[in-house]
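Me: I should like to go through the assignments made for this structure and hear the grounds for each. Please set each value against its criterion.

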Amino acid sequence: MQFNKVTENIIKQLEAILGKANVVVDEEKMEMYSRDETSDKLWEKMPEVVIKPENAQQIAEVVKLANRELVPITPRGGGSGLAAGAVPLHGGMVLSLEKMNKILEIDKENLFMVLEPGVTTGEVQKEAKELNLFYAGDPCSAESSFIGGNVATNAGGNKAIKYGVTGRHVYGLEVVMPDGEIVVYGGKNVKDVTFYDMVHLMVGSEGTLGIITKIWLKLMPLPQYVADLLVPFPDMQSAIKVVPKIMTAGIIPTAVEFMDSLSIKAAELYLNKKLPFSDAGAYIICEVDGNTELQIQEDYETIGKLCKENGALEVFVADNISTQDRIWKSRKAYAEALRMLSPVYCMEDIVVPIANIPAALDAIEKIAAKFECKIPSAGHAGDGNIHATILREDRDEHAWHDLKDAVLAEIYDAVYALEGNLSGEHGIGAKRISAMYKHMTEGQKKVLKTVKEAFDPNNIMNPGKVVLLGTIAES
């Protein structure tokens, strides 16, 4: 598809739709919209214009204009993504949803929150908690990520074991379709199989099938008791091998996270604070929640006993907010901490069946040794999601890209051999699209292409993400 440039005439039409203040063409002001949190400059591209609509009707008019003029649109939430999903690869318009940031309704009787996509995930959690309610979506970037971006990537997070990823909590969406039509799918009905499950086709579609403008989120009563455990182990394999034992012990933990030794040391450096047993080979971090203190105590005692029986060096229990925050700070600081070791890195998002995590981590360790590079790993042990991060360190640009390409190829091959896949929660975006196509069947490629072309025949919606059209996709 050959796209057209944004002309002065298109700028004037955008200003008529949105108001001059919501149309940005100054390069200095647009620069922050040229990237997300993917650290590699390979995934930076300047937009031709940044627009900031305030409602769905404005977005609909913009999309109709883009279709007429064949100008690509890249929807953008908080810019906290890690797959270059909000990078305008083909220039055109970046459509920022930052001004659509209102919570429209909290329905306590039906346990729903209705809101716009520009609300931060942290604000969703805070507003629910003030009403003794609970939104279980909990990405590590909650304070900066927008709920719309969470929905568009089907974000995971720390509580996915017990409560599922974002999509489990989304029951309705208002979407501006690629032709400019505003359509509502779903709503407050807890059960609804009236036609195709369009809600969950849109969830995780990364802005390639439409622009989400309103979300119906399911809430639940706030658990009254929470306890966290920090469990150091002498080495990664003994730590990770205890996870299936925890998951089959008759308990459904809220979270089971892990950090390897390099990640622990990086977090300690970043936080400028001594961590307990920071010389350990690995951490396991567990959380349990519920509505009786006795139940929580029994659960964490069971987990602690299992860990001690399987080689844990110690079990630290936190049952108040202060000590719980202390435990989680090291895990939630993972990405920022790695930047202190290497400002440029490649964070991966691989996922394997839970029982195959030990083999996956063993393969990653061997790959790191083979290529003489550092690949710290942390992530969500309870659902098989591993964030293995290749560090550039002091390599020059050419050596870095050669290393990264070779290491990623071997990691992905190992992951697929273990019945895994290449993204558990960060999404495909632009960063992983070539690797995804390499490992897809022709039938899978055909389905993706058919869906994309049916929804967006002009390919204006976030082109170059998730779906490749034309000869590249067919190669």
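Reply: A disulfide is a pair of cysteine sulfur atoms within 2.5 Å. By that criterion, a search of the whole structure finds 0 disulfides. The coordinates belong to a predicted model.

Me: How do you know that Cys346 is not bonded to the closest cysteine?

Reply: The closest cysteine sulfur to that of Cys346 belongs to Cys373 and is 11 Å away, too far for a bond. The limit is 2.5 Å, and therefore the pair does not qualify as a disulfide. Cys373, for its part, is in no disulfide, its nearest cysteine sulfur being that of Cys346.

Me: Are Cys346 and Cys373 buried or exposed?

Reply: Buried means under 20% relative accessible area. Cys346 has 4%, so this residue is buried; Cys373 has 9% and is therefore buried as well.

Me: What makes the contact of Lys41 with Glu44 a salt bridge?

Reply: The criterion is a side-chain nitrogen of Lys or Arg within 4 Å of a carboxyl oxygen of Asp or Glu. The closest N and O atoms of Lys41 and Glu44 are 3.9 Å apart, so the pair meets the criterion. Lys41 counts as exposed because its relative accessibility is 63%, where exposed means over 50%. Glu44, at 29%, counts as partly exposed.

Me: How do you know that Lys274 forms a salt bridge with Glu268, and which labels do Lys274 and Glu268 receive?

Reply: Their closest N and O atoms are 3.9 Å apart, which is within 4 Å, so the definition is satisfied. Lys274 counts as exposed at 61% relative accessibility, whereas Glu268 counts as buried at 13%.

Me: Why is Arg392 called buried, and what is its salt-bridge partner?

Reply: Arg392 has a relative accessible area of 16%, so this residue is buried. Its partner is Glu397, with the closest N and O atoms 3.1 Å apart. Glu397 is partly exposed because its relative accessible area is 39%. The search of the whole structure finds 30 salt bridges, and a network of them links Asp138, Lys159, Glu287 and Lys332.

Me: What makes S8 and S9 a pair of strands?

Reply: Two strands pair if at least two bridges are found between them. S8 and S9 have 5 bridges in the antiparallel sense, so they pair. Within this pairing, Glu174 stands opposite Val184 in S9. The hairpin of S8 and S9 has 5 residues between the strands, and Gly180 takes a positive phi near 95° there.

Me: How many bridges join S8 to S10, and where do these strands sit in the sheet?

Reply: Strand S8 (residues 170-176) and strand S10 (residues 211-218) run antiparallel and are joined by 6 bridges. Val176 has Ile211 in S10 as its bridge partner. The open sheet has 5 strands in the order S5-S6-S10-S8-S9, paired antiparallel. Strands S5 (103-107) and S9 (182-186) are the edge strands, each pairing on one side only. On average, neighbouring strands are turned by 15° against each other, direction ignored.

Me: Which strands does helix H3 lie across, and which does helix H4 touch?

Reply: Helix H3 (residues 56-69) lies across S8, S9 and S10 and runs at about 50° to S8. Helix H4 (residues 121-130) packs on the sheet, touching S5, S6 and S10, and its direction makes about 140° with that of S6.

Me: Why is Val183 called partly exposed, and what does this residue contact?

Reply: Val183, which lies in strand S9, has a relative accessible area of 22%, and is therefore partly exposed. That value is not under 20%, so the label buried does not apply. Beyond its neighbours within four places in sequence, Val183 is in contact with Leu173, Glu174, Val175 and Met177. Val183 and Leu408 are 39 Å apart in space, C-alpha to C-alpha, and 225 residues apart in sequence.

Me: Which residues touch the most other members of the largest nonpolar core?

Reply: They are Ile284, Cys307, Ile375 and Ile386, in a core of 59 residues. Helix H15 (residues 397-417) supplies the largest share of this core, 7 residues. Another core lies apart from it and has 25 residues, among them Ile73, Val176, Ile211 and Ile460.

Notes. Residues numbered from 1 in each chain as written. Predicted model: local features only at pLDDT ≥ 70, side-chain atom pairs only at ≥ 80, totals over all residues. Heavy atoms only, no water. Helix = DSSP H or I, 4+ residues; strand = E, 2+ residues; numbered from the N terminus. Axes fitted to C-alpha atoms, helices over the stretch in contact; angles between N-to-C directions. Contact = heavy atoms within 4.5 Å. Core = buried A, V, L, I, M, F, W, Y, C linked by side-chain atoms within 4.5 Å. Buried < 20%, exposed > 50% of the residue type's maximum accessible area, 1.4 Å probe, protein only.
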